[in-house]
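Please open the model in a viewer and keep the selection panel at hand. The stops below are meant to be followed in order.

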Amino acid sequence: MQAILKIDLSTRQSESYIIPEQWVIDYIGGSALGARILFDHLTKELDPYSSNSPLLFLCGPLTGTLGPAVGRFVVCGKSPATGLWAESNCGGFWGPELRFSGFDGLLITGISEFPLFISIINGKVEFHHAEDLWGLDTYEIQLKIKERIDQPKAKVLGIGPAGENKVVFAGIFCDHGRTAGRTGLGAVMGSKRLKAIAVQGSGKLPLAQPEVYNNIRSESNRFLRKDLVTQVAHDLGTASVADYSNYLGIMPKKYYSQGIFEGSENISGSLISEKILVGTKACHGCVIACGRVVDIGDGKRRKGPEYETLVSFGPNLLNSDVNSIVKFNELCDMYGLDTISTGNVIGLAYKMFADGSINQSDTGGFELEWGNLSTLENLIHLIAYRVGIGDIMADGAKKFAKTFGEEEAAVQVNGLEVPYHDPRGASGMALVYATSPRGACHNKSDYFMVDWGQTDESIGINYFSRQDGAEKAANVSRHQNYRSIFDALVLCLFSNIPIVMIANLVNTATGYEYTPEELILSGERAWNLKRCINIRLGLDKSNDKLPKAFLEPLPDGGSAGYMIPFEEMMDAYYSAREWDKETGIPTENKLKNLGLKDLVKEFI
Amino acid sequence: MNPVFPSSEWLNSLCQKLNEDNKYAAIASKWEGDICVVIEPSGIIQDTIIYYLDLWHGKCRRAAILKSVDEEKAAFILSASYDNIARIMQGKLDPMQAMLTRKLIVKGNMAVMMRNVPTVLDFVRCVRDITNEIL
């Protein structure tokens, strides 16, 4: 593994840091290793916006190679939205370029006295004034910074006005629309007055067996190309799932309150591909190319929305105009807002307005009518700049609802807004949302795909009906462990290749000799370590819950009437995880078996 | 008594079922496209079997057994081993699971396919309804 670069923004000093090898062996990389690196830094008292608050950018051992969808990196820290463990990974080209410049990660602390950006060109670190860039959007800064440092091929990651204004769901953006969107790490970056980081390098990546690795990665890519999910994601983008999700009642409508919306069929991945698609975009070395390029009739090539954004600004708000969604997506990307949370908090405001919990005096005169597009656009502006009602919305759904005495109305878990996979249609997502280490999240386990049938008996991920209950709890926990490997590598969830192939890639890249079982154990170790971090940060069993909306049946649609047997599912989940049913803390035996007993003594 | 699968009688029986089933007619009312189902040798089946079905707006306009998929330029080609086809027909393998785990390979326009997954699933229901006996 290459060095991590430690950067103190207060002193503008940097130094290389070699990660202890045992940590690398135990956690591999990505957010798993990130959890180990930050374990000692993250305390309950730590203010995410303080000088001591860490912001860790980390790659995996395959990042930057031409392996199967491996070009990702992750950002870790303490979330201002949840007060818990934060991680958010991102595709594009920035992660590979960081590795080409000689580092596998950046650990940033401190607060700069003035807005700045950092450049790291072939290992050389420089700090640059960025007063003139403060206030610019995430697209503008990429162009201006490349020009400023005279490095047209540099890859630039940065924040927009939302991050500067500490919107708790501000993300970190690169490559015109690739996003580390969740958990508000853009706000942490803003609090440090760090506008951007430009990287470029021409170094060679360390591979233990480069020739063997190249053969395996070619074989993996050939395998991946033939996968149905690859073909569908290539042809239709991630929004390919919209039609089926809608049919099953998994796609939320009207802020998770109804199962049918007449215009839903107008905003699918199929429709985008047939009506407005003009190209595709891929992350570094990826054979899938799920990114969309669209033209909505004005001749401008824009990023097309992926599934979450499509639903967030579509059926969630009773909007069936796909062109408007493209524009809202672009606006959020430029401001540096996470589209999942933005659409969620706007949906909440619409619902509360309709219910009479807030009125026009609260909204600054806006009438929040479902499907009103100009109001929707205005709210995005107000959130990004924390103006009027937007200032309260910028603190997230949980606090917004609490401000008006309606905390239970917010569809969030532990402060993170729920994505657009309703667990009443895919019950495994109930456990996933309730137990994800970063709050409600669909990427720590995309179990809705397992509920559809994406099983793998070779690693014990079996088929259950999409509305089964407690019997699938152990299956969910195994899938979480499995996906933890992806977070460690930082591998795209679409890299649907056998685990033996993954192990071969890791082993020939790192020189270690993991069996598939050891990889899954590593994933389980990381899952439990993040659980322990969160317990230290104040999480307990009472946090493992679902929003009230999901404990009521949908009135119509493909999942009408179904009640999630949540308590039974959680009991079975604690058993499967070997977590204490009374406290939700991993048992001593479990921690011992994972090699965590000495590290997390405080919980035993 | 329904005919045994696989057989030409079974295929004709499926075509008849698709033309008489009101639920299928409603769900598949927008479907436009013929399909080839390629049953690859496995288990007791030694040779590839290719069934062709011309499906249009909830009806089956023609069914035939082909020697090669090249005989018809079908909009969709679905391929699976005989054993996996049998498991799907017996309800032991979910059709979506089969597609997502490479047990059933689909070729064709993915936009049309994803928009019409309910049609595919109801097609499978009709297949199951007319199948009592599998070789």
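What distance separates the centres of domain 1 of chain A and domain 2 of chain A, taken over C-alpha atoms? The separation of these two centres is 26 Å. It should be kept in mind throughout that this is a predicted model, with scores of ipTM 0.91 and pTM 0.96.

**Stop 1: the domains of chain A**

Colour chain A by its domains: domain 1 covers 3–200, domain 2 covers 237–416, and domain 3 consists of 424–545 + 565–603. Next, select the boundary between domain 1 and domain 2 of chain A, where 37 residues of domain 1 are in contact with 27 residues of domain 2. On the domain 1 side, display α4 (138–148), α5 (161–164) and β11 (178–180) of chain A, each of which supplies at least two residues to the side that touches domain 2. Of the elements there, α5(A) gives the most, with three residues. Colouring this side of domain 1 of chain A by class shows 16 nonpolar, 17 polar and four charged residues.

**Stop 2: α20 and α23 of chain A**

Select helix α20 (residues 473–489) of chain A together with helix α23 (residues 566–577) of chain A; the two pack with their axes 8 Å apart, at an angle of about 55 degrees. Because of that angle, α20(A) is oblique to α23(A). The crossing of α20(A) and α23(A) is right-handed. Show side chains for Ala473(A), Ala474(A), Val476(A) and Ser477(A), which are the contributions of α20(A) to the contact. From α23(A), add Met569(A), Ala572(A), Tyr573(A), Ala576(A) and Arg577(A). By class, this contact of α20(A) with α23(A) comprises seven nonpolar, one polar and one charged residues.

**Stop 3: α2 and α20 of chain A**

Keep α20(A) selected and add helix α2 (residues 30–38) of chain A; the axes of α2(A) and α20(A) come within 4 Å and cross at roughly 80 degrees. That crossing angle is why α2(A) counts as roughly perpendicular to α20(A). The residues to display on α2(A) are Gly30(A), Ser31(A), Ala32(A) and Leu33(A), and they meet Ser484(A), Asp487(A), Ala488(A) and Leu489(A) of α20(A). This contact of α2(A) with α20(A) divides into four nonpolar, three polar and one charged residues.

**Stop 4: chain B and its contact with chain A**

Colour chain B by confidence: its mean pLDDT is 93, and 99% of its residues score at least 70. Among the elements of chain B, strand β2 (residues 49–56) has the highest mean pLDDT (97), and helix α5 (residues 110–115) the lowest (90).

Now bring chain A back into view. How many residues does the contact take from each chain? Chain B supplies 14 residues and chain A supplies 21 residues. On chain B, select α4 (95–100), α5 and α6 (117–129), each of which provides at least two residues of the side that touches chain A. That side of chain B divides into nine nonpolar, two polar and three charged residues.

**Stop 5: α1 and α6 of chain B**

Retain α6(B) and add helix α1 (residues 8–20) of chain B; these helices pack at an angle of about 125 degrees, with their axes 10 Å apart. They are therefore oblique to each other, α1(B) against α6(B). The crossing of α1(B) and α6(B) is right-handed. To finish, display Leu14(B), Lys17(B) and Leu18(B) of α1(B) with Cys126(B), Val127(B) and Asp129(B) of α6(B), the residues that make this contact. By class, the contact of α1(B) with α6(B) has four nonpolar, no polar and two charged residues.

Terms used
Residues numbered from 1 in each chain as written. Chains lettered and ligands numbered in written order. pLDDT = per-residue confidence, 0-100. Domains from an automatic or database assignment. Contact = placed C-beta atoms within 7 Å. Nonpolar A, V, L, I, M, F, W, Y, C, P; charged D, E, K, R; others polar. Axes fitted to C-alpha atoms, helices over the stretch in contact; angles between N-to-C directions. Parallel < 35°, antiparallel > 145°, perpendicular 65-115°, else oblique. Left-handed = near helix turned anticlockwise from the far one by under 90°.
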